[in-house]
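I opened this notebook to keep track of what I looked up and what came back. The entries follow the order in which I went through the topics.

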Amino acid sequence: MEKNFTGEAENQFYYIDKCAKIVAEKAEKLGRKLTYHIATFGCQMNFKDSEKLAGVLEQIGFEEAETESADFILYNTCTVRENANSRVYGRLGYVGKLKSKNPDMIIALCGCMMQEPDEVEHIRKSYRFVDMIFGTHNIFKLAELLSEYFDTNDHDSSEVIKGKKRKHNMVVDIWKDTDKIVEELPSKLKASFKAGINIMFGCNNFCSYCIVPYVRGRERSRKPEDIINEIKKFVKEGVIEVMLLGQNVNSYGKNLENPISFTQLLKQVDEIEGLKRVRFMTSHPKDLSDELIDFLKDAKKVCHHIHLPVQSGSSRLLKLMNRKYTKEDYLTLIDKLKKAVPDIAITTDIIVGFPGETEEDFEETLDVCRKVGYSSAFTFIYSKRTGTPAAKFEDQIDEETVKNRFDRLLAVVNESSGKYAKSIEGITLPVLVEERDRENSDGKNYLTGRLDNNLLVHFEGCDELIGQIVNVKLSECKGFYFMGEIEA
């Protein structure tokens with residue numbers, strides 16, 4: 001691979017080359033390639049980070065393994081809810097046993113959970129077998145940190161004198177915040193035909209229930225030319241769909257030296273030759289502009305789907321959540337979107353049981369769901385998150401009430417999503433074929449694809465269709481997905 005880089009990217013390629021020599025030596029001794037396994041917890045931002053981490057590891061010389069029985073284990077953590085932390089500790093308990101049988105195994109932790117000082121200190125004291133810890137702001141330093149680990153540890157047990165205690169220094173590098181964005185490092189896509197594209201990092205909203213601004217930092221946008229060049233590079237390699245990623249894509253570009261709006265960026269992406277589909281996530285209602293809605297009328301490649309988290313239908317609760325819009329504001333946006341793009345599919349996030357939620361507040365949420373007619377919704381029971389303002393709110397809702405409301409919300413959401421899906425049953429629409437679904441006992445091979453509106457379709461077909469857009473008749477609605485038939 002030609003390396004014509006400058007600045008931080010050039011620095012990191014120095015460490016990639018340095019690590020590659022050590023890994024090659026170890027592989028020669030073992031008579032096989034060294035393997036890595038990345039387990040990703042959390043959101044699409046984390047999954048995109050994991051693609052970057054995988055790209056660096058493969059450039060170093062590691063080969064991906066499907067299980068945690070690998071030479072390098074990396075947990076990319078989430079901390080949006082406290083039970084996400086518990087899942088990581090459960091995996092550490094398991095992989096610690098594996099390492100006791102294979103001392104050469106390297107175990108690393110990164111991501112949002114590592115931005116919490118108490119959690120890092122707990123890992124340092126109670127999980128001393130962990131080798132590397134880094135956070136969200138410096139994932140680009142993976143090769144540099146691995147180089148430091150190799151420099152300061154006995155990384156090959158065959159070289160350790162029998163009976164001598166093995167030298168082990170945990171490498172820890174956590175940044176509180178950053179304004180640095182490092183371009184040009186390698187990335188390994190999970191699918192060759194679609195890619196997530198970071199357009200910005202961090203969040204400035206400080207919703208009262210959310211830990212993200214504290215672990216992801218303040219908003220910082222990538223330069224539009226870097227984004228466009230990355231997409232063009234992926235399109236040359238066979239990508240036909242991109243997802244533009246940010247905690248709040250609608251505020252993209254505000255902090256650039258030459259500010260531009262998200263809509264202006266989206267217009268540039270929509271013009272890229274060879275690209276077939278464009279998605280974006282996530283939109284914050286307070287920043288969804290008329291400029292963007294107007295553009296969606298005429299966009300050639302932007303999918304007719306928007307994820308617009310409402311969180312609650314109660315204006316009183318929305319104020320407590322620090323969402324900075326009202327129920328009426330939200331419904332006005334929905335009306336504008338539906339007028340601009342009549343067939344648009346709208347999905348959302350909803351929290352049930354936020355502190356102080358009354359029955360009247362909850363009924364307001366149900367009213368929004370009925371009026372919008374979501375094609376699907378991610379529904380969550382409020383989870384007290386230490387470190388957020390809402391964790392200190394009084395009037396926490398009892399478990400029985402929350403469970404009852406959650407079940408009632410699901411019933412309304414399922415009714416509206418079923419009604420939406422039923423409205424397109426029987427018609428033929430283009431589907432991006434994503435993967436093999438299953439093979440029935442009759443020997444038929446089924447594939448899974450995604451509609452422009454983000455709904456899934458299962459249909460019979462050959463594996464050669466994966467990565468292509470084909471026309472599929474939506475023959476039978478199954479509630480949240482369709483069974484279909486390819487049409488010539």
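Which residues of the largest nonpolar core touch the most other members? Before answering I note that the model is a predicted one. I found 70 residues in that core, and those that touch the most other members are Ile-231, Leu-244, Phe-262 and Phe-280. When I asked which element contributes, I found that helix H11, residues 327-340, gives the most to this core, with six residues. I then listed the partners of Ile-231, leaving aside its neighbours within four places in sequence, and obtained Ile-197, Val-242, Leu-244, Val-269, Ile-272 and Leu-275. I also noted a second, separate core of 34 residues, which includes Phe-72, Ala-108, Phe-140 and Leu-142.

Next entry, on open space. I looked up the second largest pocket and recorded a volume of about 1,000 Å³. Its lining is made up of 38 residues, of which Glu-183, Glu-184, Leu-185, Ser-187 and Glu-230 are the closest to the centre. Two elements give two or more residues to this lining, namely helix H2 (44-60) and helix H7 (224-236), and I noted that H7 gives the most, with seven residues. Sorting the lining of this pocket by class, I counted 15 nonpolar, seven polar and 16 charged residues.

On enclosed space, I searched the whole structure and found one cavity of 30 Å³ or more. I recorded about 40 Å³ as the volume of the largest cavity, and I wrote down Leu-296, Ala-299, Val-302, Cys-303, His-304, Val-341 and Ile-344 as the residues that line it. By class, the lining of this cavity comes out as six nonpolar residues, one polar residue and no charged ones.

On cysteines, how many disulfides does a search of the whole structure find? I found zero. For Cys-203, which is in no disulfide, the nearest cysteine sulfur is that of Cys-207, 6.4 Å away, and because a disulfide needs two cysteine sulfur atoms within 2.5 Å, I left Cys-203 unpaired. I did the lookup for Cys-207 as well and found that it is in no disulfide, with the sulfur of Cys-210 as the nearest one at 6.0 Å. Cys-203 is buried, at a relative accessible area of 10%, and Cys-207 counts as buried too, at 8%.

Then I turned to Thr-379, which I located in strand E14, residues 376-381. Is Thr-379 buried or exposed? I recorded a relative accessible area of 16% for Thr-379, so I entered this residue as buried, the limit being under 20%. Not counting residues up to four places away in sequence, Thr-379 touches Ile-350, Phe-406, Leu-409, Leu-410 and Val-413.

Last entry, on backbone geometry. I noted a cis peptide bond that joins Met-281 and Thr-282, with omega at about 10 degrees, and I placed Thr-282 in the loop between strand E11 (277-281) and helix H9 (290-298). Lys-324, a residue other than glycine, has a positive phi near 70 degrees; I found it in the loop between helix H10 (315-320) and H11, where Lys-324 is exposed, with a relative accessible area of 54%. For Asn-454 I likewise wrote down a positive phi, near 85 degrees, and a place in the loop between strand E16 (445-451) and strand E17 (456-460). Asn-454 counts as partly exposed, at 26% relative accessibility.

Technical notes:
Residues numbered from 1 in each chain as written. Predicted model: local features only at pLDDT ≥ 70, side-chain atom pairs only at ≥ 80, totals over all residues. Heavy atoms only, no water. Buried < 20%, exposed > 50% of the residue type's maximum accessible area, 1.4 Å probe, protein only. 1 Å grid on protein atoms, 1.4 Å probe; cavity = no way out; pocket = protein on both sides within 12 Å on 5 of 7 lines; lining within 4 Å. Points joined across faces, edges and corners; volume = space filled by probe spheres on them. Nonpolar A, V, L, I, M, F, W, Y, C, P; charged D, E, K, R; others polar. Helix = DSSP H or I, 4+ residues; strand = E, 2+ residues; numbered from the N terminus. Contact = heavy atoms within 4.5 Å. Core = buried A, V, L, I, M, F, W, Y, C linked by side-chain atoms within 4.5 Å.
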